[in-house]
Amino acid sequence: TDALDLLKHTSIGGNGTVYGHLDTEEHVKNLVNPTMISLRKNGSLLGMGVFCNLQVMVNQNPFNCFYVRYFSASPEIRGKGLMKKFGKQAMGLIREGQKQKTIFYASVEKNNISSVKVINEAGYKAIRKIKTIGFSRYFPKNSPNIRKVQDPMEKKTIMDMLKSFYSDYSLVQFTKIFHLGDYYYIEENGKIVAGCQIHRVHWVIKRMEGLKGKMMVRIIPFLPLLRNIFNPRKFKFLALEGVFFKEGKEAKLFELIEGLLAQNKVNAALIWLDEHCNIYRQLTKFGNLGLLNNFTRKTDTLLMASFVGMTDDEVAQTISNPVYISSFDFT
């Protein structure tokens, strides 16, 4: 369809890194309750917004939620101000249709000034900052301790652990946990001590910030070891979510991630975490993340939100708590 073609040819980013998703068609098939609003002229698709509807938890209390999954403009209208007007109208239409307490949010790269302005114009305000952790190994080692979640009892155990682990977070939703049967864990003395969900992702990096970034995009594809970790022309990696580890078991989580890299024949993984959550602090403090983190640690994302029908206390809780990030929604 023309909508899928537009998404496939959409570049993401602004003044900093610009990249393209190469898994768009597969991702679109697995969206949760999507609604598309389009901008057309004489039958031609000029712009579109895709909003996904699901339930999220804030301090273990459920709320209706819509998040902006895609927001794309065709080349002929970019930079002409039409998407700002369309965005405001599209987000307004979604908002007007809600009769219950609802959270609306979008994630926008901090350096993507134009997109931040569009979302802001529609009444969304930045509430949290999301950091990107890069994990990489030149020669990842497999682990014999890795187990794949398979039976219903294992799934229930994992889900209970995740609900407890993220109990004081906002925007918690586990719709992509167990997606394609890809949740893995490590046990110690018969108890699960670390786990995560993986999504296999393929991007192309079109531009990086500054003169140094431009040189890297050109040179890295010709550097044998470095391109295994980060090849702008063919950046294959694992996106992680539902990350879990027992207190003091960061090493087990790293063993798990490295083993999953080896099993999937890639050298890199990305995790998106709230800047002020304990997981981010613990993993960055533990160290040994690998070279990739030098490229990703400055790629901040703003989580922007708007609310309907919620009390001041409910809004305050949503804003003040760290947010849960599903990496499926970032890729």
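Colleague: What phi does Gly287 take, just after H9?

Modeller: Gly287 takes a positive phi of about 80°. This is a predicted model, in which local features need pLDDT of at least 70 and side-chain atom pairs count only at pLDDT 80 or more, while totals for chains, interfaces and linings use all residues. Residues are numbered from 1 along each chain as its sequence is written, and side-chain values use heavy atoms, leaving out hydrogens and water.

Colleague: What makes H9 a helix?

Modeller: A helix is a DSSP run of H or I with at least four residues; a strand is a run of E with at least two, and both are numbered from the N terminus. H9 covers residues 278-286. The chain has 12 helices and 12 strands.

Colleague: Which residues of H9 are buried, and what do they pack against?

Modeller: Ile279, Tyr280, Gln282 and Leu283 are buried. They pack against strands E6 (125-136), E10 (235-245) and E11 (268-274), and against helices H5 (152-165) and H8 (250-264). Contact here means heavy atoms within 4.5 Å.

Colleague: Asn288 lies in the loop between H9 and helix H10 (292-296). Why is Asn288 called buried or exposed?

Modeller: The scale runs from buried (under 20% relative accessible area) through partly exposed to exposed (over 50%), with a 1.4 Å probe and protein chains only. Asn288 has 57% relative accessibility, so it counts as exposed. Its phi is near 55°, a positive value in a residue other than glycine.

Colleague: Where is Asn42, and how does it score?

Modeller: Asn42 sits in the loop between strand E2 (34-41) and E3. Its relative accessibility is 75%, so it counts as exposed. Asn42 also has a positive phi, about 55°, although it is not a glycine.

Colleague: Now a strand residue. Why is Ser72 called buried?

Modeller: Ser72 has a relative accessible area of 3%, so it falls in the buried class. Ser72 lies in strand E4 (residues 61-73). Not counting residues up to four places away in sequence, Ser72 touches Leu6, Leu7, Thr10, Leu46, Gly47, Met48 and Met83.

Colleague: Why is Val108 called buried?

Modeller: Val108 has a relative accessible area of 7%, so the label holds. It belongs to strand E5 (residues 102-109). Beyond four places in sequence, Val108 touches Ser115, Val116, Ile119, Thr301, Leu302 and Met304. Ile12 is 96 residues away along the chain, yet the two C-alpha atoms are 9.5 Å apart.

Colleague: What makes a set of residues a nonpolar core?

Modeller: The members are buried Ala, Val, Leu, Ile, Met, Phe, Trp, Tyr and Cys residues, joined through side-chain atoms within 4.5 Å. The largest such core has 47 residues; those with the most contacts inside it include Ile103, Trp203 and Leu303. Strand E3 (residues 44-58) gives the largest share, seven residues. A second, separate core holds 44 residues, among them Tyr169, Ile186, Val193 and Val243. In soluble globular proteins, nonpolar side chains tend to be buried together.

Colleague: How do you know whether the chain agrees with a compact globule?

Modeller: Use the radius of gyration over C-alpha atoms; the globule rule is 2.2 Å times the number of residues to the power 0.38. For 331 residues the rule gives a value near 20 Å, and the chain has 20 Å, so the two agree. Buried residues make up 54% of the 331. Among contacts with a separation of 6 or more, 76% join residues 24 or more positions apart.
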